[in-house]
Amino acid sequence: MKLIIGTDHNGVEIKRELLKKLSGDFEIIDASPENTPTDDYPDFAFKTSKLLLENDNAYGVLICGTGIGMCIAANKVKGIRCALVTSGRTARLARRDDDANVIALDSTMNIKMMEECIRLFASTSFCLEEEKYERRLKKVIDYENGAYDEL
């Protein structure tokens, strides 16, 4: 499984730590190998999201000062479902209930918690046992494609 990881300047150090901790279990693609103190998070959110769409069997991980900006930007890319993750519970449910393919993390999160969130996210499958999750996901995808008119 591949992890495509992108960060702005706020997450450079923690990304380096994560790469060391995760590289034995995942194929890592670093979508932000060169950051500057004045870089802009949307650039890395878009780049990571586009790389994800080009790679099979991959998930995206985005890191910025709060995770919020990256999440907003990534969700502008067609085909991306990015979730702001703040705990192991939200990481697991983002995959299980919503079939998220990218998570956004706060750069101030504890490294152990961040690693736990990534591992839970990557190891959780979308729930196909309950029809409601597929129904809801279909509405989101159809809306994104202009084929669903909300109530």
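**Entry 1: the segment after H6**

I began with aspartate 149, which I found in the segment after helix H6 (131-144). I note here that the model I am reading is a predicted one. Is aspartate 149 buried or exposed? I looked up its relative accessible area, which is 65%, and since anything over 50% counts as exposed, aspartate 149 is exposed. I then looked at how aspartate 149 stands to alanine 100, which is 49 residues away along the chain, and I found their C-alpha atoms separated by 22 Å.

**Entry 2: the sheet**

Next I traced the strands, and I found that five of them form an open sheet, in the order E2-E1-E3-E5-E4, with parallel pairing. I reminded myself that strands of a sheet pair through backbone hydrogen bonds, and that this pairing can be either parallel or antiparallel. Which strands stand at the edges of this sheet? They are strand E2 (27-30) and strand E4 (82-84), and because each has a single partner strand, one side of each is left without a neighbour in the sheet. I also looked up the angle between neighbouring strands, which, with direction ignored, are turned by 25° against each other on average.

At one edge, I found that E4 is joined by three bridges to strand E5 (residues 102-106), and that the two run parallel. In that pairing, cysteine 82 has valine 102 of E5 as its bridge partner. Turning to E2, I counted four bridges between it and E1, again in the parallel sense, and I saw that glutamate 27 in E2 is the residue opposite lysine 2.

**Entry 3: strand E1**

How many of the six residues of E1 are buried? I found that six of the six are, so E1 is largely enclosed by the rest of the structure. I checked the two faces separately: Lys2, Ile4 and Gly6 are buried on one side, and Leu3, Ile5 and Thr7 are buried on the other, so that both faces are covered.

**Entry 4: helix H1**

I then followed helix H1 (residues 12-22), which lies across strand E1 (2-7), E2 and strand E3 (58-64), and which runs at about 165° to E1. Its buried residues are Val12, Ile14, Lys15, Leu18 and Leu22. Seen down the axis of H1, these buried residues fall within an arc of 155°, and therefore they line one face of the helix. I noted a general point beside this, that an α-helix has 3.6 residues a turn, so residues three or four places apart point the same way. On the face of H1 turned away from the buried side I found the exposed residues Glu13 and Lys20, while the buried residues pack against E1, E2, E3 and H5.

**Entry 5: helix H5**

My next helix was H5, which has 13 residues and reaches 18 Å from its first C-alpha to its last, close to the 18 Å expected at 1.5 Å a residue. Which residues of H5 are buried? I listed Ile111, Met114, Glu115, Cys117, Ile118, Phe121 and Ala122. Seen down the axis of H5, they fall within an arc of 160°, so they line one face of the helix. On the other side of H5 I found Lys112 and Ser123 exposed. I also looked up what the buried residues of H5 pack against, and the partners are E1, H1, E3, helix H4 (88-96) and E5. At the N-terminal end of H5 I found asparagine 110 acting as a cap, with a side-chain oxygen 2.7 Å from the backbone nitrogen of lysine 112.

**Entry 6: two loop residues**

I placed asparagine 101 in the loop between H4 and E5. Its relative accessible area is 12%, and as anything under 20% counts as buried, asparagine 101 is buried. A polar atom of its side chain lies 2.8 Å from the backbone nitrogen of arginine 81. Beyond its neighbours within four places in sequence, asparagine 101 has contacts that include Leu52, Tyr59, Gly60 and Phe121.

Serine 87 is in the loop between E4 and H4, and at 22% relative accessibility it counts as partly exposed. Leaving aside neighbours within four places in sequence, I found serine 87 in contact with Met113 and Cys117. I closed by looking at serine 87 and glycine 60, which are 27 residues apart in sequence and 17 Å apart in space, C-alpha to C-alpha.

How values were computed. Residues are numbered from 1 along each chain as its sequence is written. This is a predicted model: local features need pLDDT of at least 70, side-chain atom pairs count only at pLDDT 80 or more; totals for chains, interfaces and linings use all residues. Side-chain values use heavy atoms; hydrogens and water are left out. Two strands pair if DSSP finds at least two bridges between them. Axes are lines fitted to C-alpha atoms, for helices over the stretch in contact, and angles run from 0 to 180 degrees between N-to-C directions. Contact means heavy atoms within 4.5 Å. The expected span of a helix is 1.5 Å times one less than its number of residues. Buried means under 20% relative accessible area, exposed over 50%, partly exposed in between (1.4 Å probe, protein chains only). The arc is that of the directions from the helix axis to the C-beta atoms. A polar contact is a pair of N or O atoms within 3.5 Å; within protein, one must be able to donate a hydrogen and the other to accept it, and residues adjacent in sequence count only if both atoms are side-chain atoms.
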